[in-house]
Amino acid sequence: MPVEIPLITVDAFLYGLGIAASVVCGATGVLEAGRKQVDLFGAIMAGIAASLGGGTVRDLLLDRQVFWIADQTYLIATVLAAIATFFLARRKPLPGKLFLLPDAIGLALFTVVGTQVGLQFNAPWLVASLMGVITAVFGGLLRDVLTNEVPLVFTSELYATAAWFGALTLILLQSLGMDHVSAGFIGMGVVILVRLAAIRWRLTLPRFTSGSQPPDVPSQ
């Protein structure tokens, strides 16, 4: 007689993804900060910003208890990942773009988590998708500000756009009746594929160049 495997609940799925995303983004924050030769404390702060910043903004916007205050497991996982990455990365020089792949994975994980949280709060599909984008990119923005870098989300190949594509894919699949786990993994796949394809082929959105600036206004 076949044994039935219970379906993963939405809450359990989001919790697992959230912990994984916290670990990955905590590590990427340290890898990016390491290029500035920061000390251990600075690396941990960069990891915390990258990992927890986006979800914090999302929860404040949704008037929801901030996730890492409600459950300190996220904070502990982030700090441990940051410390481990700091000491491992000191053993040998790391390529400058090493953090891009784990960053794409973290982007995908947090996109799904943020979108699902928005859907759980019965947010309209557009708002839920933007909650996914905010969760995914705002931590990286804070990380770059702390390390005195131009935020990756403003200058890099498709970044927030990749997160938005993934969020919209997840919402569309769930609206068509697909279960949340399958839709979540497909949404993550879309984010990672779009992000890595954009890096590989230098795909960007149109930029505001100097030739597009308005003419100077004469002084009075």
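In the predicted model, helix α1 (residues 10-34) and helix α4 (residues 73-89) pack with their axes coming within 8 Å and crossing at roughly 35 degrees, where axes are lines fitted to C-alpha atoms, for helices over the stretch in contact, and angles run from 0 to 180 degrees between N-to-C directions. The crossing of α1 and α4 is right-handed, a crossing being right-handed if the near helix is turned clockwise from the far one by less than a right angle and left-handed if anticlockwise. On the α1 side the contact (heavy atoms within 4.5 Å) is made by Y15, G18, I19, S22, V23, G26, A27, V30 and L31, and on the α4 side by T73, Y74, A77, T78, A81, A82, T85, F86 and A89. By class, 12 nonpolar, 6 polar and no charged residues form this contact, with Ala, Val, Leu, Ile, Met, Phe, Trp, Tyr, Cys and Pro counted as nonpolar, Asp, Glu, Lys and Arg as charged, and the others, Gly among them, as polar.

Residues are numbered from 1 along each chain as its sequence is written. Because the model is predicted, local features need pLDDT of at least 70 and side-chain atom pairs count only at pLDDT 80 or more, whereas totals for chains, interfaces and linings use all residues; side-chain values use heavy atoms, with hydrogens and water left out.

The protein has 9 helices and 0 strands, helices (H or I, at least four residues) and strands (E, at least two) being DSSP runs numbered from the N terminus. Of its 220 residues, 45% are buried, that is, under 20% relative accessible area, as opposed to exposed at over 50% and partly exposed in between (1.4 Å probe, protein chains only). Among contacts between residues at least 6 apart in sequence, 77% join residues at least 24 apart.

The axes of α2 (residues 40-61) and helix α6 (residues 125-146) come within 7 Å and cross at roughly 140 degrees. These two helices are therefore oblique to each other, given that angles under 35 degrees count as roughly parallel, over 145 as roughly antiparallel, 65 to 115 as roughly perpendicular and the rest as oblique. The crossing of α2 and α6 is right-handed, and among the residues that meet are A49, A50, G53 and R58 in α2 and F138, G139, G140 and R143 in α6. By class, the contact of α2 with α6 has 11 nonpolar, 6 polar and 2 charged residues.

Within α2, A50 is buried, with a relative accessible area of 7%. Leaving aside residues up to four places away in sequence, A50 touches C25, G29, G139, G140 and R143, and its C-alpha atom is separated by 5.4 Å from that of G29, 21 residues apart along the chain. A43, also found in α2, is buried with a relative accessible area of 1% and touches V30, A33, V38 and F86, with residues up to four places away in sequence again not counted.

The largest nonpolar core (a set of buried Ala, Val, Leu, Ile, Met, Phe, Trp, Tyr and Cys residues joined through side-chain atoms within 4.5 Å) has 39 residues, and those with the most contacts inside it are L17, L107 and V137. Helices α1, α5 (100-120), α6, α7 (152-155), α8 (160-175) and α9 (180-201) each supply at least two residues of this core, the largest share, 8 residues, coming from α5. A second, separate core of 12 residues includes V30, A43, V66 and A82.
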